[in-house]
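Trainee: Please choose one part of this model and go through it closely. I would like to see how that part is connected to the rest of the chain.

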Amino acid sequence: MRKRRLCADQEDADQSLVKRQSLSTKPTSAFVLNPNFKAAHQLHNWCIQNEEVIRTLPSPLETHVRNITTPSPKVDKIISINSIPSSPDAKMYWVKATMSITSLDQSFWYMSCNNCYKSINAKYQTVFNCFHCKKKEVIAEPRVKFQVELKDNSGSIMATIFQDHAEKFFSISSTDLMKHTTQDGKVSNDALPKLNVPEYHIIQLKPRQYRFHWTSNASTCHHISEQ
Ligand SMILES: [Zn+2]
């Protein structure tokens, strides 16, 4: 693929904004920081002059959070909570439900490998070789995980909600939770997530893969769609 040069002048820079072009890298790509040539100086000056505009652009995090929602399924795919089978089943189910935290006696987050998200025993931002995914030099990062009760007119079911959905719908961040966790593993009251999401959301439940048993609280909120 032909590579586009990095905004050689003001006009190019404007165009790249309008066309929403982005740069990508290959494993062999290298970055040069603060390169000393004319086009780079022009781009640097342009960024300084347009600082306010650049600040209004969505951050990569915001874009990521927006992208976690999926289109709603067809109405006939949504079932009532009481019709979710209680026997082992590999299917995913869509329900339309409210969400709430019914127990504060849970840890709300865990330290994880930033590649495979498996739980690990390491301090925040420790670089290590993960024995789960075998990737080298991964970083220990907190990840949100807690139990929520999903409720509709037919009944309720417990499910686990993870990182992106939890942060978005319960207005918290994994690092805030971690910073406000006491020695005994409790999150201090003023840093708790909000307890209720009273609006109805269409939620896809994915049964967790337990080898020997499957219980009604072993589901994960896999996708949550905007109404
Ligand atoms: Zn890993």
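Mentor: Two residues are in contact if their C-beta atoms, placed from the backbone, lie within 7 Å. Keep that cut-off in mind for Val144, a residue of strand β4, which covers residues 138-152. Leaving aside neighbours within four places in sequence, Val144 is in contact with Phe108, Trp109, Phe162, Gln163, Ala166, Glu167, Ile172, Ser174 and Leu177. What you are looking at is a predicted model, and β4 is the part I will follow.

Start with where β4 sits in the order of the chain. The chain has 6 helices and 7 strands. Along the sequence they follow the pattern α-α-α-α-β-β-β-β-β-α-α-β-β.

Now take the partners of β4, beginning with β5. Strand β5 spans residues 155-162 and runs antiparallel to β4, with 8 bridges joining the two. The connection between β4 and β5 is a hairpin of 2 residues. To find the pairing on screen, look for Gln147, which stands opposite Thr160 in β5. Glu149 faces Met158 of β5 in the same manner, standing opposite that residue.

Strand β1, residues 93-100, is also paired with β4: they are antiparallel and share 3 bridges. Here Met99 stands opposite Leu150 of β4.

Strand β2, residues 109-113, is joined to β4 by 5 bridges, again in the antiparallel sense. Cys113 has Ala140 of β4 as its bridge partner. Strand β3 consists of residues 127-128, and 2 bridges join it to β4, antiparallel once more. The bridge partner of Val127 is Ile139 in β4.

The loops beside these strands each hold a residue to check. Tyr117 lies in the loop between β2 and β3. Its phi is near 70°, which is positive, although Tyr117 is not a glycine. Is Tyr117 buried, exposed or partly exposed? Tyr117 has 16 other C-beta atoms within 10 Å, so it counts as partly exposed. The cut-offs behind that step are 20 or more for buried and 12 or fewer for exposed. In the loop between β3 and β4 you will find Glu137. Glu137, too, has a positive phi without being a glycine, at about 55°. It counts as exposed because it has 9 C-beta neighbours inside 10 Å.

Next, the nonpolar core. The largest one in the chain has 27 residues, and those with the most contacts inside it are Val95, Val144, Phe146, Val148, Leu150, Ala159 and Ile203. Val144, where we began, is thus one of these residues, and so is Leu150, which we met opposite Met99. The elements giving two or more residues to this core are β1, β4, β5, β6 (196-207) and β7 (219-225). The largest share, 5 residues, is from β1. Over the whole chain of 227 residues, 19% are buried.

Strand β6 also offers an exposed residue to set against that core. Glu199 is in β6, and it counts as exposed because it has 10 C-beta neighbours inside 10 Å. Its C-alpha lies 5.8 Å from that of Thr98, although the two residues are 101 apart in sequence. Links across long stretches of sequence also appear in the chain as a whole: among contacts between residues at least 6 apart, 56% join residues at least 24 apart.

For contrast, look at a helix. Helix α2, residues 38-49, has 12 residues and reaches 17 Å from its first C-alpha to its last, close to the 16 Å expected at 1.5 Å a residue. The number of its residues that are buried is 0, so α2 lies largely in the open.

Finally, consider how far to trust what you see. The average pLDDT of the chain is 78, and 71% of the residues score at least 70. Among the elements, β3 has the highest mean pLDDT, 96, and helix α1 (residues 10-18) the lowest, 44. Residues 1-19 stay under 50, and the model has 14 contacts beyond four places in sequence for them. Residues 210-217 are also below 50, with 7 contacts in the model beyond near neighbours in sequence. Where pLDDT is low, the predicted coordinates should not be read in detail.

Conventions: Residues numbered from 1 in each chain as written. Predicted model: local features only at pLDDT ≥ 70, side-chain atom pairs only at ≥ 80, totals over all residues. Pairing = 2+ DSSP bridges. Helix = DSSP H or I, 4+ residues; strand = E, 2+ residues; numbered from the N terminus. Core = buried A, V, L, I, M, F, W, Y, C linked by C-beta atoms within 7 Å. Expected span 1.5 Å × (residues − 1). pLDDT = per-residue confidence, 0-100.
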